[in-house]
Each structure stands twice: as C-alpha cells, then as structure tokens.
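This report describes the interior of one protein chain, with attention to its helices, its nonpolar core and its cavities. The sequence and the structure are shown first.

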Amino acid sequence: MAALTIAAGTGNWFSALALGVTLLKCLLIPTYYSTDFEVHRNWLAITHSLPISQWYYEATSEWTLDYPPFFAWFEYILSHVAKYFDQEMLNVHNLNYSSSRTLLFQRFSVIFTDILFVYAVHECCKCIGGKKVGKELTEKPKFILSVLLLWNFGLLIVDHIHFQYNGFLFGLMLLSIARLFQKRHMEGAFLFAVLLHFKHIYLYVAPAYGVYLLRSYCFTANKSDGSIRWNSFSFVRVISLGLVVFLVSALSLGPFLALNQLPQVFSRLFPFKRGLCHAYWAPNFWALYNALDKVLSVIGLKLKFLDPNKIPKASMTSGLVQQFQHTVLPSVTPLATLICTLIAILPSIFCLWFKPQGPRGFLRCLILCALSSFMFGWHVHEKAILLAILPMSLLSVGKAGDASVFLILTTTGHYSLFPLLFTAPERKNLFLIGWKLSTYLAWGLWKSAVNLYSLSPPGS
C-alpha cells in the first residue's frame, strides 16, 4: 500500500498495479497446473512439427487442436521461441512431456502476452469520465477499474495456475469495447473479428456486436423520440463492416478452404459429441437440470417406478465429457440449448435495437448475452463466467446499482472456479488472497458508489 501511495504521488499508480500483479504471476509459476498445460504443449508440437494440412487431423494425443486458425498460428509463433528453451517439448510423440524449461517457457509466455491485456485496461480507463472524483486514490474510478481488471482473481486462477491464455484474448475484447466507446467503430469491429478467429467462445457475445454496429454505426441518425431514422442507413458503412469481417475470415480460414479442410476444422471447433456439460459443471441451468434428473432417478428406484436394468451405468449426471442420455428427464440436444439461449438474449437485443443507449447500452447487452449463453449454452465451461465478469467491471464503477450486481456476480462467479484448484497449497493461499482482494474491492466500490460516474467517449 505504501508503494501505491508513492506511485499515486508521482501519477504512476497504473504502472505500479501492472508491475505488482506481474510479480504475483511470477510467484505462481511453480504452482499446480492442469491438463491444459499439456494441451497447449501438444499444440506447440503440432504446429511446429507438422505441415498446416495436418494441424486439424493430428490425433496422436487426445488433446487435439480445437481452437480457430489464428490461435493455431499463435502457437506456431510461440513454438519458434520454445525451441530455444527445450526442443523436446515440440515432439508430437512426447505425450505428457514436462521439464523445468518447458514449465518456465509456458508460464512466461502467458505472462508476456498479458501485455496486451494491460494495454486494453489502460484504454478502458480512458473511457471513464465523471464530474465528481474522490480525493483518495482508492476512491478514483479509474484506479478501482484497473484493480478489478488487472488483479482479477478469476484470471489469476485460470491463466496462471490452471493454465490458459485468456489474458491476451480478453485484452482483445476489452480493447474492442474501448474502441466502440471511443466511437472508433471500424477498429472495434476489426478487433472483435480477429478475436473470434482466436477463440470461438466469444460467439456468445457476437449478437451484441452485430446489432449495435448495425443500429448505431450503419444507421447514422435517429428521430427526436430516439427511434430509428430509416433513410439514414449507410450502405458504405455496412459494406465496410462486411469487408472487414470477410477479410479477417479469409485470412484465417482461406488456407483451409484451399486445402478443402473446412468441414474438418469446423468439426474440431464444434465437437457436439462432448455432451451437454463439461466435466466440471458450470453453475448454470443445465447443472440444476442434471441434478434434478439424478434426484428423480434415485426416487424412482426407491419407489420401484424405474427398472434398474434399464438405467445406463454412465449417465449425463456422471459428469463425464461424453454424450449420454438423461435417466428420467428428456435428454437435451444442441438445438434445444441454442433455442433456449436465443430466447434468453432476445430481450436485451430488442432493447439495444429499439432503445439504444449508446456504448453503455451495448455493454449491458454484451453482458446479458454472455450470461444467457453461460446459463443455457451447450457444453459450457465454468471459466466462461469471466466473459461476463470482466465487462461488468466497467459498469461497476459507474453506478451504485451496477456495483451491487457486480459484487454478487464476481463473488459467485469466482467461487465457482475453486474446483479448478486441486492441491491444498493453492486452495489455501489463493482463497486467502481472493478473500482479502474481494474485501478491499468491495470497500472501494462502496466508497466510490456515492458518486455517480459515467462511462462515456472522451470529450462527450
């Protein structure tokens, strides 16, 4: 805290926050890591050792390449640095390979690529304005937002213990959001298109982007009552947006289209046979559905309404990553989850179209789309809750009501990530860090909530 006080006096508090969390990430290098560590090591080996024509066919390991092409190229670039650390990690047949140098490279690669996330947070802070600003550093909305994002407890767990590369991906998303707040719509659209070709989970929030850009960028004027002015439609702008999406998609998928491998790529990206739920159930509607099915099956067996011989030994309620049938309740198909998700996001989409509230309304719609997909999507990972928590951080420094919602969301959402921590040291130490950090942020948000801040483009 003393370091922050000194940094505040010199105006370098943001750098101090970024440096502090980077040092914390370095301290987490020797902690437990999950099978995702081997997943990404295998992808390094695939992209480095094999020609592009075999990337989405290679199946020596069970951890096959199932991310979009931009992420594959990202792994390819990393692999050319990895060879200077340990050449053996790039051997496709070295399954479950690990060494101290491999560990250092993969951990530091996550920390290094987080530079983009730090830059994106800095840009988001520029979008925060307000007439009332607290005298203390801890009451300033930009400081609170920086802590909420840079020191996000979920990202520390998922990226720097469990092991993934979500930091720089969320950096792309936050930078895209910042550009829309700054009315740099083409840049925002470009960044989001690139993001989709890095990780397709961001399709969850694509409806919010599509409707907002069409409504607020392609239509250049509104009537006095706020309704759409149809004759203000700009064909030039919609063609420009379409061209951006087309060029990014062509750059990503073009090589595989030329190789006639698009069906294979899409089969890897959308493996519906993995089942309704992930091994660690996300706390969503389908988890309750599975639990209810289990309760009904137990009751049915005790009351002799069900024949034990007709109940499958492995069911959807067993938590396995495979496609199984429910025992009592109707089994759920991918189409059913899609319909439920679309129904859930429709109200926010309609509000964004008929009652646009600028970038702030877009951000609310994005969060609701993320939450709806999390609640009703097919094979949702527990980590997907960060797709709502991080954008909600921007709203939390704006109004007291949003801050209250954020505190509930971030507490429950981060709590649901604790099953990712397997060993006792991580559970104990990270729980303590998370509790202290959450308490501090709750106090900071409460103190700042008495002032009504607004997210707005600079100069507006």
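In this predicted model, all 16 of the 16 residues of helix 9 are buried, so this helix is largely enclosed by the rest of the structure. Helix 9 covers residues 166-181 and gives 11 residues to the largest nonpolar core, the largest share of that core. After helix 9 comes Lys183, which has a positive phi near 60 degrees.

**The nonpolar cores**

The largest nonpolar core holds 119 residues. The members that touch the most others are Phe71, Phe170, Leu174, Ile177, Phe198, Tyr209 and Phe362. Apart from this core lies another one of 7 residues, which includes Leu276, Tyr289, Val332 and Trp378.

For Ile177, neighbours within four places in sequence being left aside, the contacts are Tyr209, Phe362, Leu363, Leu366 and Leu394.

**Helix 4 and its surroundings**

The buried residues of helix 4 are Pro69, Phe70, Phe71, Ala72, Phe74, Glu75, Leu78, Ser79 and Ala82. Among the elements that cover these buried residues are helix 3 (35-49), helix 5 (100-113), helix 9, helix 10 (185-196) and helix 12 (235-258).

The lengths of helix 9 and helix 4 can be set against the span expected at 1.5 Å a residue.

| Helix | Residues in helix | Expected span | Distance between end C-alpha atoms |
|---|---|---|---|
| Helix 9 | 16 residues | 22 Å | 22 Å |
| Helix 4 (residues 69-82) | 14 residues | 20 Å | 19 Å |

For helix 9 the distance agrees with the expected span, and for helix 4 it agrees as well.

**Cavities**

How many cavities of 30 Å³ or more does a search of the whole structure find? The search finds 3. The largest cavity has a volume of about 50 Å³, and its lining is formed by Lys25, Asp114, Phe117, Leu149, Leu150, Asn152, Leu155, Asp159, His160 and Gly167. Two elements, helix 7 (141-150) and helix 8 (153-163), give two or more residues to this lining. Helix 8 supplies 3 residues, the largest share of the lining of the largest cavity.

**Confidence of the model**

The chain has a mean pLDDT of 85, and 84% of its residues reach 70 or more. Over residues 452-460, however, the pLDDT is below 50, although this stretch has 28 contacts in the model beyond near neighbours in sequence.

Key. Residues are numbered from 1 along each chain as its sequence is written. This is a predicted model: local features need pLDDT of at least 70, side-chain atom pairs count only at pLDDT 80 or more; totals for chains, interfaces and linings use all residues. Side-chain values use heavy atoms; hydrogens and water are left out. pLDDT is the predictor's confidence in each residue, from 0 to 100. Contact means heavy atoms within 4.5 Å. A nonpolar core is a set of buried Ala, Val, Leu, Ile, Met, Phe, Trp, Tyr and Cys residues joined through side-chain atoms within 4.5 Å. Buried means under 20% relative accessible area, exposed over 50%, partly exposed in between (1.4 Å probe, protein chains only). Helices (H or I, at least four residues) and strands (E, at least two) are DSSP runs, numbered from the N terminus. The expected span of a helix is 1.5 Å times one less than its number of residues. On a 1 Å grid over the protein atoms alone, a cavity is a set of points where a 1.4 Å probe fits but cannot get out, and a pocket is an open set with protein on both sides within 12 Å along at least five of seven lines; lining residues have an atom within 4 Å of a point. Grid points are joined across faces, edges and corners, and a volume is the space filled by probe spheres set on the points.
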